[in-house]
Amino acid sequence: MRLTTFTDYCLRVLMFVGTKEDGLTTIDEIAASYGISRNHLMKVVFSLGQLGYLETVRGKGGGMRLAKRPTDINLGTLVRQTEPDLALVDCFHRGEEGCRIHSFCVLQRALEQALASFMEVLDGYTLEDLLAPRQRLARTLGIAALT
């Protein structure tokens, strides 16, 4: 199982913004901190706004902040919303028509269980959990001292 770069960046953006707590964050700050392309981050931030995770403030001194409490941002839900395809193998899509052994395939069932377990673990985490080392995150990411 490998998450897309898009989902990875979504998680990183939320961690950065969450670390700043109520302070506004800019795309440029996040790009500089992680060494990520500003253009990629613009798409990520737009999507996170559309999904209701971020709210943006336009104009001079603007930026973004979390639109939900970190305890209300579930990682499993976010991954399901940002991953275009969670099928581990192609036969997940084809079903009986595309696979001769579909009706008795143990491999497909094992992979389905593995994916379900993976998602179950993510369902047990929130953004708040990722922010537990908040002071170290702030220091490492170059975020001004937190109060």
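A salt bridge here is a side-chain nitrogen of Lys or Arg within 4 Å of a carboxyl oxygen of Asp or Glu. Keep that cut-off at hand for the exercises below, and remember that the model is predicted.

**Exercise 1. Decide which residue pairs with Glu29 in a salt bridge, and whether Glu29 is buried, partly exposed or exposed.**

Solution.
- Step 1: The side chain of Glu29 meets that of Lys20, with N and O 3.0 Å apart. The cut-off is 4 Å, so the pair counts as a salt bridge.
- Step 2: Glu29 has a relative accessible area of 30%, so this residue is partly exposed.
- Step 3: For context, a search of the whole structure finds 7 salt bridges.

**Exercise 2. Find the salt-bridge partner of Arg38 and say which helices the two residues belong to.**

Solution.
- Step 1: The partner is Asp28, and the closest N and O atoms are 2.6 Å apart.
- Step 2: Arg38 belongs to helix α3 (residues 38-50) and Asp28 to helix α2; they are 10 residues apart, and the pair links distant parts of the chain.
- Step 3: Both ends are partly exposed: Arg38 has a relative accessible area of 39%, and Asp28 has 45%.

**Exercise 3. Work out what Arg12 interacts with, starting from its salt bridge.**

Solution.
- Step 1: Arg12 makes a salt bridge with Asp8, where the closest N and O atoms are 3.1 Å apart.
- Step 2: Both residues lie in helix α1, 4 residues apart, which is about one turn of the helix. An α-helix has 3.6 residues a turn, so residues three or four places apart point the same way.
- Step 3: Arg12 counts as partly exposed at 28% relative accessibility, and Asp8 does too at 29%.
- Step 4: Now look for a ring. Arg12 also lies over the face of Tyr34, at 5.4 Å from the ring centre.
- Step 5: Another charge over a ring is found at Tyr53, where the charged end of Lys68 sits 4.7 Å from the ring centre.

**Exercise 4. Stay in helix α1 and describe the surroundings of Thr7.**

Solution.
- Step 1: Thr7 is placed in helix α1, which spans residues 5-19.
- Step 2: Its relative accessible area is 0%, so Thr7 is buried.
- Step 3: Leaving aside residues up to four places away in sequence, Thr7 touches Val79, Thr82 and Glu83.

**Exercise 5. Show how the buried residues of helix α8 are arranged, and what covers them.**

Solution.
- Step 1: List the buried residues of α8 (residues 134-141): Arg134, Leu137, Ala138 and Leu141.
- Step 2: Look down the helix axis. These residues fall within an arc of 100°, so they line one face of α8.
- Step 3: Turn to the other side of α8, where Arg136, Arg139 and Thr140 are exposed.
- Step 4: The cover over the buried residues includes α1, α2 (27-34) and α7 (127-130).
- Step 5: Move just past the end of α8, where Gly142 has a positive phi of about 75°.

**Exercise 6. State how many disulfides the structure holds, and whether Cys10 and Cys105 are buried or exposed.**

Solution.
- Step 1: A search of the whole structure finds 0 disulfides.
- Step 2: Cys10 has a relative accessible area of 0%, which makes this residue buried.
- Step 3: Cys105 has 7%, under the 20% cut-off, so this residue is buried as well.

How values were computed:
Residues numbered from 1 in each chain as written. Predicted model: local features only at pLDDT ≥ 70, side-chain atom pairs only at ≥ 80, totals over all residues. Heavy atoms only, no water. Buried < 20%, exposed > 50% of the residue type's maximum accessible area, 1.4 Å probe, protein only. Contact = heavy atoms within 4.5 Å. Arc of directions from axis to C-beta. Disulfide = S-S within 2.5 Å. Lys NZ or Arg CZ within 6 Å of the ring centre and 35° of its normal.
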